[in-house]
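Grab a coffee and open your viewer. Here are a few short exercises, each with a worked solution.

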Amino acid sequence: MRPLPLRPLLVRLVEDYWGILLLLVAWEAWVMANSFNPIVMPTPTAVLGDLVSNPGIYFDNVGITLMIAAFGLVAGMLVGTGLAVVAWFSPIASGLLNPLTVLFSSVPVVALIPVIARLLGYDTSTVLAIVVIITFFPSFVFASSGLRQPPPGSEDLFRVLGASRLALLRRLALPAAMPNLAIALKLASAHAILAAMVAEFLMGTTGLGYLFAKTKADFQTERAFGASLVATVISASAFLAAGWVEKKVRERYS
Amino acid sequence: MKQTLLGALGIAIFLALWEVVGRTQLLGISWPPLSDVLEMLADPGKYALFRRALSATLESTALGYAWGAGAGLILATVAHLLPILRRGSDRLAAVLNSVPSIALGPIFLVLLTRESTPAAVSSIHVFFIVFVSVGSGLQRATPAHRDLFAVLGADRVKRFARLELPAALPSLVSGLRLAWPAALIGAIIGEWFGAPRGIGILIINAMQNFQIVLLWCAVLLAVAASLFFYGLLTLLERAAYARFG
């Protein structure tokens, strides 16, 4: 058996992760140089240490936030795509809805969290509503434009062959919108978990955002950063996974 | 023309529904009628409060926007000119974008001051969007164009300045447009970590003191600030596409 090619592996590792490594080393060095109290600013190794030695505390909260984010993501994408289909069927609905969605898609959503919290109450349903709203806009916008961009000439072919409007939707417009929906998924998936966390942080109910707020207030800064580290890893993985899905969908549908 | 009319009608229906739901208290006292909110916004006694909050937030947003856009543009250009750095910088940007904004607040609070934390959080949001859009824009020049430049004997620097940079302008401007609401969100979240004033502070205080109408006023101000500059940047984007698209 040949020994593992260690050098190329290291080179590859540095090439791929030099930015993140640099950031972590700079953080560690910065805390060391200023000899901060861990309450003010812990080192990345201390944060990792807390994460490894108390996995149970993180585990429950991660589960809750992850479930809300996943559920909200699916619901938001379904509502967004559904409304885009309604707008595709009816020019009047599309005329009424389009400017409103353009308006809303540039609204700073975090500003709406307190308003929604007052309407729905300070509990999980508000966190879910925020995730649905965050994911709704990209899926509506991208699905709408995708439904309207079938390959040139294909729509005429369907008309000539006497396809009904429903058949046109199912066999042409929806497949044509798939790559766009995959882009929407990529944009929304990373933000879903972060939005859920901000909402939990503001309302202090359950989940990773709550863990962050509570440990921060109790001066358990290491654990607060541990919660953020977990959220970062999940969000970055969601972004990468959605990127992979997007690639597959593009290969299949275009 | 018909589309514009329908759009205006859609917005009018939305505003009318808002007023009716507020008047009839269909959703309880947390949903005030639009007219009450507008009345408070127009109240001269509240004018100084709103102006102070809005100008503080806009200042942080503009500062974070400039820093973030500059950093994104520079890193994307460096990664384009030195392809060996490309994969690492892509991953760095993706991870920075995945850090929860509420975790950025405490970090910048130690690194900087209470006053500059909103701008710093905002700049991270802007950085990612500009980095991604410039990165993909710089690759938009077609192989035929590259070949032409090679045949005419242009060196790497000339090709970048005369071909790739102009080709990247439309997507840079699109990125700048999308980055504005993100910058505003960053500034508002950053303000929660002890900024002396701002829209984010107004929102939190109104939320905790059950000042419902004031809360809606603050939200409307944030929305207006977002829409106004988003509109301006959309116009800029159209001009860029017309010239370089």
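**Exercise 1.** Among contacts in chain A between residues at least 6 apart in sequence, work out what share joins residues at least 24 apart.

*Solution.* This is a predicted model, so take the contacts straight from its coordinates. Keep the pairs in chain A that are at least 6 apart in sequence, then pick out those at least 24 apart: they come to 76%.

**Exercise 2.** Describe the make-up of chain A, and decide whether chain A is a compact globule or more spread out than one.

*Solution.* Start with the elements: chain A has 10 helices and zero strands. Read from the N terminus, the order is α-α-α-α-α-α-α-α-α-α. Now the radius of gyration: chain A comes out at 23 Å, while the globule rule gives 18 Å for 254 residues. The value is well over the rule, so chain A is more spread out than a compact globule. For the extents, the C-alpha trace of chain A spans about 75 × 60 × 30 Å along its principal axes. Finally, burial: 41% of the 254 residues in chain A are buried.

**Exercise 3.** Find which residues of helix 5 of chain A are buried, and what they pack against.

*Solution.* Helix 5 of chain A covers residues 113-120. To call a residue buried, look for 20 or more other C-beta atoms within 10 Å of its own. I113(A), P114(A), V115(A), A117(A) and R118(A) pass. Next, their partners. Within chain A, these buried residues pack against helix 6 (124-147) and helix 8 (165-203). From chain B, helix 9 (199-208) and helix 10 (212-244) join in. Just past the helix sits G121(A), with a positive phi near 95 degrees.

**Exercise 4.** Take stock of the contact between the two chains: how many residues does each chain give?

*Solution.* Chain B gives 43 residues and chain A gives 42. On the chain B side, the elements with two or more residues touching chain A are helix 1 (2-24), helix 4 (86-98), helix 5 (101-111), helix 8 (156-191), helix 9 and helix 10. Sort that side by class and you get 31 nonpolar, 10 polar and two charged residues.

**Exercise 5.** Classify the packing of helix 3 and helix 9 of chain B.

*Solution.* Two numbers describe a packed pair of helices: the angle between the axes and the distance between them. For helix 3 (residues 44-81) and helix 9 of chain B, these are about 130 degrees and 7 Å. That angle makes the two helices of chain B oblique to each other. Who meets whom? A53(B), L54(B) and T57(B) from helix 3 meet I199(B), G200(B), I201(B) and L202(B) from helix 9. By class, this contact has five nonpolar, two polar and no charged residues.

Conventions
Residues are numbered from 1 along each chain as its sequence is written. Chains are lettered from A and ligands numbered from 1 in the order in which they are written. This is a predicted model: local features need pLDDT of at least 70, side-chain atom pairs count only at pLDDT 80 or more; totals for chains, interfaces and linings use all residues. A residue is buried if 20 or more other C-beta atoms lie within 10 Å of its own, exposed if 12 or fewer, and partly exposed in between; C-beta atoms are placed from the backbone. Helices (H or I, at least four residues) and strands (E, at least two) are DSSP runs, numbered from the N terminus. Two residues are in contact if their C-beta atoms, placed from the backbone, lie within 7 Å. Ala, Val, Leu, Ile, Met, Phe, Trp, Tyr, Cys and Pro count as nonpolar, Asp, Glu, Lys and Arg as charged, and the others, Gly among them, as polar. Axes are lines fitted to C-alpha atoms, for helices over the stretch in contact, and angles run from 0 to 180 degrees between N-to-C directions. Angles under 35 degrees count as roughly parallel, over 145 as roughly antiparallel, 65 to 115 as roughly perpendicular and the rest as oblique. The radius of gyration is taken over C-alpha atoms; the globule rule is 2.2 Å times the number of residues to the power 0.38.
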